[in-house]
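Walk through this structure one contact surface at a time. Begin where two chains meet, then turn to the inside of one chain.

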2 protein chains.
Amino acid sequence: MPVPNVRHSEVDVLIIGAGPAGLMCANALANARVNVRIIDKRAVKVATGQADGISPRTIEVFQSYGLGERLLRESCEVHLAAFYNPNSTGGIETNKVFRLNGVEVALHQGAIESIFLDSMKELGVEVERSTIPTSIELSTDENELTDPSSHPVRVALQRLDLPEGESKEEIVHAKFVLGADGAHSWVRKTFDISMDGEQSDFIWGVLDMVPETDFPDVRNKSLIHSNYGSCLVVPREADRVRIYMQLADEDVINPETGRVDKDKMGPEQLLKVAQKSLHPYRFIPTNGISWWTLYIIGQRVASKFSIKDRVFIAGDACHTHSPKAGQGMNASMNDAHNLAWKIALVLRGWADMSLLSTYESERRKYAQELIAFDKMYSTLFSGKPMTEQNRDGVSHEQFLKAFQMFGGFTSGIGVHYSPSVVVNDSNQELASGLVIGQRFPPQKFIRAADACPIEIQDLLPSDSRFKLLVFAGKFGDPAQQARVESMVKDMQRPECFLNRYAMPGKSSTDSRFDVFTVSQGRKDDIQFMQFPAFLRPHWSKVLIDDIDVTGSFGGNGYSRYGIGPQGALVVVRPDGYVGAIASLDNVEELDTYFASFMKTSS
Amino acid sequence: MPVPNVRHSEVDVLIIGAGPAGLMCANALANARVNVRIIDKRAVKVATGQADGISPRTIEVFQSYGLGERLLRESCEVHLAAFYNPNSTGGIETNKVFRLNGVEVALHQGAIESIFLDSMKELGVEVERSTIPTSIELSTDENELTDPSSHPVRVALQRLDLPEGESKEEIVHAKFVLGADGAHSWVRKTFDISMDGEQSDFIWGVLDMVPETDFPDVRNKSLIHSNYGSCLVVPREADRVRIYMQLADEDVINPETGRVDKDKMGPEQLLKVAQKSLHPYRFIPTNGISWWTLYIIGQRVASKFSIKDRVFIAGDACHTHSPKAGQGMNASMNDAHNLAWKIALVLRGWADMSLLSTYESERRKYAQELIAFDKMYSTLFSGKPMTEQNRDGVSHEQFLKAFQMFGGFTSGIGVHYSPSVVVNDSNQELASGLVIGQRFPPQKFIRAADACPIEIQDLLPSDSRFKLLVFAGKFGDPAQQARVESMVKDMQRPECFLNRYAMPGKSSTDSRFDVFTVSQGRKDDIQFMQFPAFLRPHWSKVLIDDIDVTGSFGGNGYSRYGIGPQGALVVVRPDGYVGAIASLDNVEELDTYFASFMKTSS
C-alpha cells in the first residue's frame, strides 16, 4: 500500500538531468510524440559559460531536428585553426593556418540549452526543476523486462522547492530511464557502473572575455604551444574569446587538501598565465572577465552504458575527457541522438527490444576511441615543445600531423558504427562514397519537378522514419529504365518491407519509410513524368544529379557517392547513418535487413 | 478654431493604404525610427489570393530589411520557365525550358503582408484599420514647403467603426503623405493627377487550386500559347498552382452595362477555359477552387508621382499593367523602398529636400519602361499563334526572344536609375561590373579575420546609411599598399565626407556611413592586422576576394565586378544601388558627390 503523501505515476521515458545530453534526448522524444519527463536538480538553467563548441556533425544533427537555423544565427562560425609554436625571440609565432574539416560553430551552453528548451516547450515538454531522484530500482522479472509495454523501472523523486508540509515525494514507474546526470552521475553510481581509465587527472583553467588584441588569429581556433605553457584560443559569439589553459598541479592544488584551491588561481592569475603564453601578443579584457572556471578531468569511459536496456546513461555520465578536442558536449548530444530514435521505435512497436543494445555497442566504442584520441592529443598538448635544448620535446610537425589525422574525429564526421542489426556492411562496393555505419554525407541535387536545389540531408530529418534512397542510375538508358521498373514491381510485392511494415491504412511510402529517387542525368533530358508513378507519390520525391539553374549548386553526387550508372538502394537510419546498401535487383536483401529488427504492426 | 469633437495631431509621415507598397514604406520608416502612421479603409487584412510573385530583386530587398529568411521559408521557389505552343494534334507541347534570370518565389499577398505587419509590430507600428481620409490639403506657403520640419499637409481622417456619438474625425498635420491607395487612388484623384496611357483594357481571369495533373511543368512557371487562348501557370506554396487567363471581352462583359459580369464567367467557366488551353494535359482541382477573380486592367502611368515632394503616390496608384510579367506587386514595393530612405534622411536632417525629387525621376521612368515592356509582352501573349493558316501569328521564336530580352526586366535586377544628385555616372571604367544606377550585385567574399564566407549584399542592409566599399586592390603589392595608406590619410582629412558629415560624438565610420574593405589576394598571404587600423575598427570589416575553406563559395569577385588591381571606391546608396565610383587617389570626388545632397549636422 502506498505511503500517504506519496504519489505514483507512470511515464514511458524519464530523463534525469537537463544538460545537453538530457535535453537532446527529451527534445528528440518529444518530437517523436513519446510520453517523456525530464527532471533536473538545478533550480534554473545554465546561463552562460561552460561548454560551447559545436562540431560540423552536431550542426547537421541540429538541422535534422529543425534547429539548425537558430543555432547558426546565434552562434559564431569557425573555419580555420592556427598553430603557434615558440619562436627564437621568446614569443610565439605561426606560419601555417589550417582549414577545419567542416565549419564548426561556437555558442555558450546556456544558449544551446535554450534552443532545446524552446523547441520542447512547443511540444509540451518542460524541465521539472529542483527535483532529484532518491532511489531507483529495476525489476528482475525477465517477463517484465522483455515486454516493451511494461514499466520495470521505479524511481523515487523528491521536489526540493515545495513549502514545508506539501507532498514532496513521487514514485515514477517508467518504461525507460536515461541518466544524463553528468560526470558524477547518481544513476551510474547507484547501479555501481565503474569508470575505466587512467587515474591521472588534468587541471584546466578557462577564461571568457572580449579582448583588445593584436593577435592575428583571434577569430580562428588557435592552439598555442609556448615555452610558458599551452593554451587553446576559441572565438565566440558577440566578439567574445575563450582561452583554455592546461595548468600545472602545483599552481592549483592545495598540497594539504589535495583539492583545487581557487585562492591559488583566480581570474587575475589565469589571465596572467594566458598573457604569458600568448606573448608577444596583447590580450587585454575590454570589459573584465565575463566567465571563468577551473576543473579537473580524467579520461575515463563507463564499463556499461545500460542496465538491461531499460536504464541508460549518456553524456558525461559515461565518458569524461579534456576540452581540447571540443568533443565533450558533442559526444553527449550525439549519445542522446543515437538512443532516442531506438527508444521511440521500440515504444511504437515498430522495432524489437534488441535494437536497444546497439546504443551501448555503438556509443561505447565511440567513447573509447574518443578517449584514445584525447590521450594522444593531450600528451602532445601538454608536452614541452621541442627545442635545441630539449630534443625529446614535441615537434611542430608531430602536432600538425595529429591535428590532420584526427580532423575526421574532431569534426564528428568520421564516427563509424560497427555492423549490427541496424548496420549491414554488405554491398559497400555499390556506393563506395557512402560508408556503411557512417553518417550520410551532404550533397546538393536538383529536384526533377522544379529544378530547385535540394540539400539531400534536408530530406533526412530525425523523424523516426527510415529513408530509402533509390539511386536510379542512368535513367535515360532504356536498359536501366527497365531495371528500375522491375525494381518497382519488387517493391510492390506484399512481402516487400515497404508493404510488410506499412502502417494500416497508410501507403507504404507514407508510414515508417520515406522513399526518394535520385537519378543520374541532366534536367534538360529528364521529364519528371517519365518516372514510375510509384516513385513520385508527390512531385517533390524525385531528384536529379545535376547543377542548379544558377550553376552554384549540385552536380557530381553520383561520383562523390561512388555510385555507378546501375544505381543502388541505400537505407538511411532515422539518425542519418547509412544502414544498408543493396542492388536495384535485390530488394529482398533489404527485406532481410529490416526483418532482423523490425516488427509488423500488431 | 477647431470644431468640437475633432482631434488635431501631428505626424512625420502618414501613409494611406496598407497594401504591399504602403506596408513596405511603413516598415522601412519604422526601421529608420521615423514617426509614421498608416491607415487603411479595410477592416481586416487580405487573407489569401491576389498578387503573389516575388522577383529576385524584391527578395534581395526583403533580405536587406532582415525579412528574407521568413519570406524564403514560407514561399515556393521558381527556377524554370516553360513555353508551350500548339502542336499538330490540337494540343500543346514544349521542347524548351528556360532558366529564370535568378530565383523567383511565390507567396500569396496575405502572407507577404503578414511579414511586414509582424515586423512593424515589433517596431511599435500597427495599421489603423477602418479609417479613411476625407480631405487632404497641401499648404501653398513656399517657406513652409521648403522647411523640412514643417507640417504642410493637412489630412482629415474618419473612423468607420466607432459607435454612434463617439468622435469620428481627426485632422492630421503631416510633414509627408504617401498615397499607396491602389489603382483607384483617392490621393491621386484628389490632386487631379492624370493617368497616361492607352484606353484599351485587358480582362484577366485567375484561379488557384491544388491540381491533380500530368502536366510536366506544373512546378515551373509555364506560358501557354494555345489555339484556344493563352494562359500562365505559376506554382505556389503548399502544392497550389495559379492559372492566369486572358479572356475575350465577349465572354465576360455584359453588353448592356459594359461591365464585367460575374454571372457570365464564374470559377467553373474559368476552369473550363483553362482546361481547354491546357489540353491534352489533365488539370483537375483536388479540393475545389481555393480562390478566383476576374479583373480588367489597362496600361497606364501617372503623370506625376508627387505634389511638391510633400505628397507622394506609389504602387498601383501610379502604374497599372497586366499580371503576366508578375511585376505589379514588385514594382509597388520597390517604389516604397526607393522613397522611404529619402524621406528618412530628409527628416533626420542628413539630406537636402532636393533628394526627394529623385523619387519621381527614378520610379516614373521605371514605370514607363514597365508599361512599354508589358505592352509588347501582352501583344505577343494575346496574339494568335502562327500556323500554316495564320502566317501573321506570333511565332514561338518571337515569344522566346521577348522572354530572354526582358529577363533582366522581370527579375527586377536590370532596373537602372539615371544620373541625379545621388547617381553620379563618372568613373564607370574603374568597376565595369558595378553599373552605376543599378543595384549592387551579390557576391561571396571571405572575411580576412576568420575566413567566414560573407555574402556582400548582407553587409548592405537598408539601414539609412551609405556604404563605402573600399576595393583595396592587390594589397600584397607594396606600391598598392602605399596607395591605400595614402587614401586612408585622405579619408582622415577633416573636410573628407566621412568626417564632414559624421555625427557629433561618433566615429566617422559609425554614423551615416559604413565602411568595408575588400582586398584582392589569397587569405593565406594576407594578414588581417596588415590593413591600416582605420579600415578595421572592427575585425569584421575586411574581406578578401578568395574562396572559402570548403571551396564552395567566393572567388573572382574583382573580375565579376570589373575592378583591377588598383582597386576602386564604390558608394552604395541606402537602398542598395550603386551611387558613385572613384579612384583610391580621388577621395575628393566622393566629397563632391555627397556635398550635392548631404547636409552637415546642425
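Start with a single pair: Arg73(A) and Glu69(B) join their side chains in a salt bridge, with N and O 2.7 Å apart. The model is a predicted one. Between chain B and chain A, the count of salt bridges is two. Polar contacts add to the picture: seven residue pairs, both at pLDDT 80 or more, make them across the interface of chain B and chain A.

Which elements of chain B face chain A? Helix H3 (68-74) and strand S4 (76-86) of chain B each bring at least two residues to the side that touches chain A. S4(B) has the largest share there, with three residues. By residue class, this side of chain B holds 11 nonpolar, five polar and 11 charged residues.

Now take the chain interface as a whole. Chain B puts 27 residues into the contact, and chain A puts in 26. The size of an interface is often stated as the accessible area lost when the parts come together. Here chain B and chain A bury about 2,700 Å² between them. Carbon and sulfur atoms account for 55% of that area.

Next, look inside chain A. The domain assignment splits chain A into domain 1 (6-76 + 107-196 + 300-369), domain 2 (198-298 + 373-404) and domain 3 (428-595). Follow domain 1 and domain 3 of chain A. Their centres, taken over C-alpha atoms, lie 33 Å apart. The contact draws 15 residues from domain 1 of chain A and 16 residues from domain 3 of chain A.

How much area is buried between domain 1 and domain 3 of chain A? The value is about 1,300 Å², with 50% of it from carbon and sulfur atoms.

The charged pairs come next. Two salt bridges are found across the interface of domain 1 and domain 3 of chain A. A salt bridge links the side chains of Glu60(A) and Arg439(A), at 2.6 Å from N to O. Eight residue pairs, both at pLDDT 80 or more, are in polar contact between domain 1 and domain 3 of chain A.

Finally, see what domain 1 of chain A offers to domain 3 of chain A. Helix H2 (56-64) and helix H9 (328-347) of chain A each supply at least two residues of the touching side. H9(A) gives the most, six residues. The residues on this side of domain 1 of chain A divide into six nonpolar, four polar and five charged.

Conventions
Residues numbered from 1 in each chain as written. Chains lettered and ligands numbered in written order. Predicted model: local features only at pLDDT ≥ 70, side-chain atom pairs only at ≥ 80, totals over all residues. Heavy atoms only, no water. Domains from an automatic or database assignment. Contact = heavy atoms within 4.5 Å. Buried area = accessible area lost by both parts, 1.4 Å probe. Salt bridge = Lys/Arg side-chain N within 4 Å of Asp/Glu carboxyl O. Polar contact = N/O pair within 3.5 Å; in protein donor to acceptor, adjacent residues only side chain to side chain. Helix = DSSP H or I, 4+ residues; strand = E, 2+ residues; numbered from the N terminus. Nonpolar A, V, L, I, M, F, W, Y, C, P; charged D, E, K, R; others polar.
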